[in-house]
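Subject: Structure handover

Hello,

Please find the structure below, followed by notes on what was found in it.

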Amino acid sequence: MKLLMTNLTVQTGKDVKDIIKKDNELIKERDKENKELSPSLTTATSTITTVTVTDTSKDTKRHDAGKTLQNVNIPKFYYPYGKPINKEETEKILDKVSKEFSKLEGGKALLHNFGPITKVINLPLYWKSLLYTASGGNKNGYVTFQMFAAMWRKVFSVCHDAASRFVKLLTVHSPQGRDYVDEADLIPLVQDIVETHPGLTFLQEAPEFHSRYVNTVIARILYCVNRSWSGKITVTELRKSNFLSTLSLLEEEDDINQVMDYFSYEHFYVIYCKFWELDKDHDLLIDKHDLARHNDHAVNSRTIERIFSGAVIKGKNALEGKMSYPQFVCFLLSEEDKRNPTSVEYWFRVMDLDGDGVISMYEMEYFYEEQMQKMEALGIEKLPFEDCLCQMLDLVRPKDNERITLADLKNCKMTHIFFDTFINLDKFLDHEQRDPFSNMRDVDSDIPEPTDWERYAAEEYELLVAEEGANDQEEVNVG
Ligand SMILES: [Ca+2]
Ligand SMILES: [Ca+2]
């Protein structure tokens, strides 16, 4: 079947007609053999229908051929939101769930009873809080089978794939009927993970850390998934991301630190410690002077100014010249992995001073000036701007040599070097001393190499642990 599809795309006119004819006969034959086509076969066959109709819309004769094919009784095959569950199946599922409820005292399920219920309906374990909340558990204090069944029919009869179900479950009680998930919607989900994941049991004794962990995870989710920067995660964004598959992974992986995307406790620990160092008064807000101290003033002051100017961080805090903790999470992720797509956008916003969508020579010079001053102060031989510019144009190879667009930078494999040249002197000098190709990722390798962020987080974690060990030793000695 696959072969046939490939042929169809390269053939035109008469050939297509012939193939359709043959295919038509083939389908009839198969229908005879087996009335119920297997799902994969159905999909493949019907894909041809679509191709035919699109390809021949201008040609009546060929269009007729398409029609002939459509007249064949082909079951619906295209389910952009997943295949709906039929009535019979729904009843079966609800029957199973009902049995689970009947095991409970008074037929009432609390959140901790939702693990088995979630598994009975074949959903990933950590969807349990979603199901509980969507059934009215949070409001009511418990869920009855009737409440669950009402929710099930409301959500699962209209949403048939994981992403749309996820959004619907989180927004089912929203009065306006939203089609996106925001920061606040995700709190109960991550809170439940903190409370019940075996890899976070040690946090039971430190509830004060729960909200910090929850905020970190949610900031990371938005950073990676919410590609539109709107604060509203849509079904499409969710589908394009790896978030739901990562969420399923939590169930199989007891060591949460192995789940590097979003959930790693070690990553959280590093981010939070870095913030704690800067936030001297611990009000969970930092200003530009605090941020400037990050990594021993490695980030240029012009860059810091830009971050606080409203180019990157927005909202009430930003107007008051403050950066919130979730905003710091985005900063650190961007600063430590300048190859991440969100990071590229982050630094592009910083460097595009006039917001015209391109980085001009003037803008590069503005940021490079400060690098030159720093090099002078350190007594390092300076690379003149003209030479630096040549190097950068060579590195990025923009479509237009006069300016650099976001697309140019996204296409470039060494975008991190470009940004560090203007933003971070330490890293710039580091790149200068290294062979620029030495830390390029091996694209052909099967094993995914750690990202710059993962590498940074692992190193920092080691350092922090060693520091803590030394402090403990000191205390023992003093004691
Ligand atoms: Ca503060
Ligand atoms: Ca510009």
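In helix 15, the residues that count as buried are Y265, H267, F268, Y269, V270, I271, K274 and F275. Buried here is 20 or more other C-beta atoms, placed from the backbone, within 10 Å of the residue's own (exposed is 12 or fewer, partly exposed in between). Helices are DSSP runs of H or I of at least four residues, strands are E runs of at least two, and both are numbered from the N terminus.

This is a predicted model, in which local features need pLDDT of at least 70, side-chain atom pairs count only at pLDDT 80 or more, and totals for chains, interfaces and linings use all residues. Residues are numbered from 1 along each chain as its sequence is written, while chains are lettered from A and ligands numbered from 1 in the order in which they are written.

Helix 15 covers residues 265–278, 14 in number, and spans 20 Å from first C-alpha to last, close to the 20 Å expected (1.5 Å times one less than the number of residues).

For the protein overall, there are 26 helices and 6 strands, and 31% of the 479 residues are buried.

Helix 24 (residues 415–423) packs against helix 25 (residues 425–433) at about 130°, with the axes 7 Å apart. Helix 24 is therefore oblique to helix 25 (angles outside under 35 degrees, roughly parallel, over 145, roughly antiparallel, and 65 to 115, roughly perpendicular). Axes are lines fitted to C-alpha atoms over the stretch in contact, and angles run from 0 to 180 degrees between N-to-C directions. The contacts (C-beta atoms, placed from the backbone, within 7 Å) bring I417, D420 and T421 of helix 24 to K427, F428 and H431 of helix 25.

Regards

Technical notes
Two residues are in contact if their C-beta atoms, placed from the backbone, lie within 7 Å.
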